Amino acid sequence: MFKLLSYISTRISEKIISTKPVSGGDISSAYLIESEARKYFLKVNSNLCALEMFHAEQKGLQTIEQTKTIAVPHVHLADTIEGKAFLLMDFIESKRPDMSDYIRFGEVLAELHHCSQKDFGFSTDNFIGSLPQRNNTHAGWAEFYWFERILPQLQSALKAGLIQQNIIPKEKDVIPLFQEIFGDVKPSLLHGDLWGGNYLISTNGVPCLIDPAVYYGHSMVDIAMSGLFGGFGTEFYNAYHEIIPKTENYHQQIDLYQLYYLLVHLNLFGSGYYSSVSSILKKYF
């Protein structure tokens, strides 16, 4: 750790005066680093793909930051030394959200979702948790969501023996159903993994996104993920939908977008998520 801190100190041209472990790194170790000038949040990971993951996280945060819509911690370094990859960013002092914070959060997330491009996908692949996430571009949302999201997770689960072949739907059934339920979708810049642990409200009331898995997709994907495990106030949804109204097939879209995250959890954490996955597949296919 001494060599790592010394290297960081040299790179940022600031003397580090303290470091302590903190929560917030589910996959990596996390630390609060204090220099004479400011506080930093440091992630450290020795896994083989750790630097690739950190570079993907850096790109995601910088992509959101460049929109000037919703705050993210500014990234200062993503590098490796002696087999340890690390990511250094601003430390965000946070507080428990109140009603006005949820309202502001809903508003600025909607602003982020108004950022668009021609196609669905992203310029590079990235990760969802520790799993690879493909972002090959598609002109159609139904095709993107099947080929880049649902199908790869189904194939991984099948290979791991977590599901059976007979519950995997056929492309000829999936694409028309997706097109019908999703409707005409405009690409929106998504956080991509918007559960309650991936946002902060700073002590001065500014909503801040962390740990993104960004790409351009249907704005409802972030809304669906936010509702999977809770942690978002009613005021958040009311404020968001004042700007981006609820869709015609709102609840069906929630189901089908939560399917992706349930498949991810099945592949990451095992058979405890099988019943949730199979119930959605049986309901729609």
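User: What makes α5 and α8 oblique to each other?

Analyst: Start with the angle: helix α5 (residues 171–182) and α8 pack at about 135°, and their axes are 9 Å apart. Axes here are lines fitted to C-alpha atoms, for helices over the stretch in contact, and angles run from 0 to 180 degrees between N-to-C directions. Angles under 35 degrees count as roughly parallel, over 145 as roughly antiparallel, 65 to 115 as roughly perpendicular, and the rest as oblique. An angle of about 135° is in none of the first three ranges, so the pair is called oblique. Do keep in mind that this is a predicted model, where local features need pLDDT of at least 70 and side-chain atom pairs count only at pLDDT 80 or more, while totals for chains, interfaces and linings use all residues. Residues are numbered from 1 along each chain as its sequence is written, and side-chain values use heavy atoms, with hydrogens and water left out.

User: Which residues of α5 and α8 meet?

Analyst: On the α5 side they are F178, I181 and F182, and on the α8 side Q252, Q253, L256 and Y257. Contact means heavy atoms within 4.5 Å.

User: Why is α4 called roughly parallel to α8?

Analyst: The axes of helix α4 (residues 141–159) and helix α8 (residues 250–269) cross at roughly 25° and come within 9 Å. That angle falls under the parallel limit, which makes α4 roughly parallel to α8. The crossing of α4 past α8 is left-handed, meaning that the near helix is turned anticlockwise from the far one by less than a right angle (clockwise would be right-handed). Residues of α4 that take part include W141, Y145 and R149, and among their partners in α8 are L256, Y257 and N267.

User: How do you know that N267 is buried?

Analyst: Buried means under 20% relative accessible area, exposed over 50%, and partly exposed in between (1.4 Å probe, protein chains only). N267, in helix α8, has 19%, so it counts as buried. Leaving aside neighbours within four places in sequence, N267 is in contact with L131, Q153, S156, A157 and L162. The C-alpha atoms of N267 and S156 are separated by 7.0 Å, although the two residues are 111 apart along the chain.

User: What makes the approach of N267 to the backbone nitrogen of A157 a polar contact?

Analyst: A polar contact is a pair of N or O atoms within 3.5 Å; within protein, one must be able to donate a hydrogen and the other to accept it, and residues adjacent in sequence count only if both atoms are side-chain atoms. The N267 side chain reaches that nitrogen at 3.1 Å, so the distance is within the limit.

User: Why does S35 count as buried or exposed?

Analyst: Its relative accessible area is 5%, so S35 is buried. S35 belongs to strand β2 (residues 29–35). Helices (H or I, at least four residues) and strands (E, at least two) are DSSP runs, numbered from the N terminus. The S35 side chain makes a polar contact with the side chain of E14 at 2.6 Å, and it reaches the backbone nitrogen of A37 at 3.0 Å.

User: How do you know whether S9 is buried or exposed?

Analyst: S9 has 19% relative accessibility, so it counts as buried. S9 sits in helix α1 (residues 2–12), and a polar atom of its side chain lies 2.6 Å from the backbone oxygen of E14. Beyond four places in sequence, S9 touches E14, K15 and I16.

User: What makes R104 partly exposed?

Analyst: Its relative accessible area is 37%, which places R104 in the partly exposed range. R104 lies in helix α3 (residues 99–113). Apart from neighbours within four places in sequence, R104 is in contact with E111 and P207.

User: What makes the phi of K68 worth a look?

Analyst: Most residues other than glycine have a negative phi. K68 is not a glycine, yet its phi is positive, near 55°. K68 lies in the loop between α2 and β4 (75–81), and with 75% relative accessibility it counts as exposed. E82 also has a positive phi, of about 50°, and is not a glycine. At 60% relative accessibility, E82 counts as exposed.
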